[in-house]
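I wanted to go through this one with a notebook open. Metal site comes up before anything else, then the packing.

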Amino acid sequence: MNRTLTALVALSLCVPAAANVPPPLDLAQRADLALASDNHAYAFIEGLTTEVGPRQAGTEAEARARAWAVEWLKQYGFENIAIEPFMMDTWVPGDIAHARVTGPFAQDLEVLPLGNSAATPVGGIEAEVVYFRNVDELRAAPDGSLKGKIAFISHAMSRTQDGSQYGFAGPARWVGAGIAASKGAVGAVIKSVGTDNHRNPHTGGTSFPDGITPIPAGALSLPDAANLERMFARAKGRPITLRLEMNPRQLGPKESGNVVGEIVGRNPSLPPVLLACHIDSWWNAPGAFDDAAGCGIIIAAARSVAESGRPLRTIRVLLAGAEEVGLFGSTAYSKAHLAEPIAVGIESDFGADRIWRFDSNFRETNPVLHKKIASAVARFGVSSGTDVAGGGADLNIVRDQKGALIDLQQDGTRYFDLHHTPDDTLDKIDIVQLRQNVAVWTQVVGILANEETAILTGTPIPAAPAIMQSN
Ligand code: ZN
Ligand code: ZN
């Protein structure tokens with residue numbers, strides 16, 4: 001990056017082309033160039049995973065990630081770069097996580113704590129395990145029936161392209177421990193919400209209902225959970241006992257923060273286009289897929305759009321903090337900026353594999369724009385969907401404003417092989433598919449950022465004087 005983005009934009013807008021300087025590429029050409037050769041998204045993922053690595057929300061590692069991202073945005077010529085701090089209750093995993101079947105088939109199992117898990121006493125807890133094939137079975141268990149027991153909550157999860165299996169299997173993690181605690185359990189272990197066959201537990205957040213004291217809650221790796229299921233098939237009614245020891249802690253309020261930066265539009269009085277990702281990851285995961293990739297994609301796309309000429313509307317990137325542990329960054333951002341209208345929001349947080357479908361929430365209200373975007377991305381193999389886009393986790397502000405949303409649906413077939421595991425590393429990034437993401441985003445964001453009418457409805461918006469910026 002010898003030249004900053006600002007310089008490139010100024011060049012494209014304000015300097016008469018010299019005879020030997022080719023005209024700037026138009027938007028479609030920029031998108032095609034991204035498809036052929038973009039390395040900026042990959043460089044972001046490589047840099048963040050190498051120089052920072054895992055970045056658990058509320059820790060000094062997440063703070064280093066914010067500082068790293070600020071430098072990156074500066075290098076790329078973004079303007080109005082800021083860290084917007086907020087306080088959040090911070091949970092850390094501790095350094096002890098052991099699970100051992102103590103009878104009748106004694107052996108160790110691979111386990112990691114779930115976010116918000118309580119600690120066991122030193123030395124652990126030992127109790128009989130009660131097996132539930134899924135959360136619905138657990139829900140049906142009588143109140144008090146788990147008193148003094150450890151619940152083991154399983155699920156059946158297979159790969160799907162659209163990620164729908166997460167909604168199906170995810171409740172085992174999201175609410176399983178809380179339900180078990182409310183029925184008297186002293187601990188809970190789940191089959192990891194994942195689709196791989198490595199002995200890597202998939203962590204992730206769990207939650208406990210108000211008034212229910214958190215219990216120790218862990219995720220077993222997929223093969224270890226399958227092993228425990230086989231034990232139940234062979235135990236012939238004999239109790240299976242498990243010793244579980246973990247020492248996660250709640251640290252109380254700690255600082256996290258959102259990172260923002262802008263490509264300032266020709267008319268900054270128009271509502272901006274908001275591109276979102278999250279900068280934090282779980283402590284055990286370098287987070288190349290989740291979500292360094294998303295941040296790399298949106299920044300590369302914003303840069304790419306600007307290189308085809310300064311857009312009409314401002315493009316703002318939001319690298320949200322503390323997403324994994326409860327969407328704290330997204331919530332804080334909406335609270336702080338709710339009164340400032342956003343034109344449209346898009347998030348990237350589903351890895352780095354190819355985009356295969358485009359959905360909006362304005363297909364009915366602004367069919368002209370929906371069709372324009374659909375036809376512009378068709379050449380990248382993206383179909384136009386009929387689902388109503390709901391936006392991603394970091395777009396709370398747009399949902400709170402009841403604004404325009406787009407989902408650029410990525411192929412999630414292998415996402416849950418890696419999700420929240422130590423395997424979520426740089427080598428899993430397929431640069432050909434990553435470039436397709438940047439190309440599609442460039443095309444979509446470029447159209448949106450130059451849209452003169454209200455995006456949700458297509459109705460004209462009051463014209464304000466355009467401001468020529470030539471910094
Ligand atoms: Zn994520
Ligand atoms: Zn995640």
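**Zinc site**

I started with the spacing of the donors of the zinc ion (ligand 2), which runs D-x33-E-x95-H along the chain. Worth keeping in mind that I'm looking at a predicted model.

Which atoms are the protein donors of this zinc ion (ligand 2)? I get Asp 290 (OD), Glu 324 twice through OE, and His 420 (NE2), lying 2.0 to 2.4 Å from the metal.

I checked the geometry next. The four donor atoms subtend angles of 57 to 143° around the zinc ion (ligand 2), so I noted the arrangement as irregular.

Then I looked for the other metal: the zinc ion (ligand 1) is 3.3 Å from the zinc ion (ligand 2), and Asp 290 coordinates both. The pair ties together distant parts of the chain, with Asp 290 in helix H10 and Glu 324, 34 residues apart from it, in the loop between strand E12 (315–320) and helix H11 (328–337).

Buried or exposed, I asked of Asp 290? Asp 290 is buried, at 4% relative accessibility. Glu 324 has 11% and counts as buried too, because the cut-off is under 20%.

**Cores**

I moved on to the largest nonpolar core, which has 95 residues; Leu 275, Leu 319, Ile 406, Trp 441 and Leu 448 have the most contacts inside it. Helix H10 (residues 288–306) gives the largest share, 13 residues. Domain 1 (3–91 + 252–469) and domain 2 (94–247) both contribute, so this core lies between them.

I also found a second, separate core of 19 residues, including Leu 109, Val 111, Ala 225 and Met 246.

Last lookup was Ile 406: among the residues it touches are Val 344, Phe 358, Phe 362, Val 444 and Leu 448.

Definitions and conventions: Residues are numbered from 1 along each chain as its sequence is written. Chains are lettered from A and ligands numbered from 1 in the order in which they are written. This is a predicted model: local features need pLDDT of at least 70, side-chain atom pairs count only at pLDDT 80 or more; totals for chains, interfaces and linings use all residues. Side-chain values use heavy atoms; hydrogens and water are left out. A nonpolar core is a set of buried Ala, Val, Leu, Ile, Met, Phe, Trp, Tyr and Cys residues joined through side-chain atoms within 4.5 Å. Buried means under 20% relative accessible area, exposed over 50%, partly exposed in between (1.4 Å probe, protein chains only). Helices (H or I, at least four residues) and strands (E, at least two) are DSSP runs, numbered from the N terminus. Domain bounds come from an automatic or database domain assignment. Contact means heavy atoms within 4.5 Å. Donors are N, O and S atoms within 2.8 Å of the metal (3.2 Å for Na, K and Ca); water is not among the atoms, so sites may look incomplete. Four donors count as tetrahedral if all angles lie between 85 and 135 degrees; four count as square planar and six as octahedral if opposite donors are over 155 degrees apart and all others between 65 and 115; anything else is irregular. Lists of a residue's contacts leave out its neighbours within four places in sequence.
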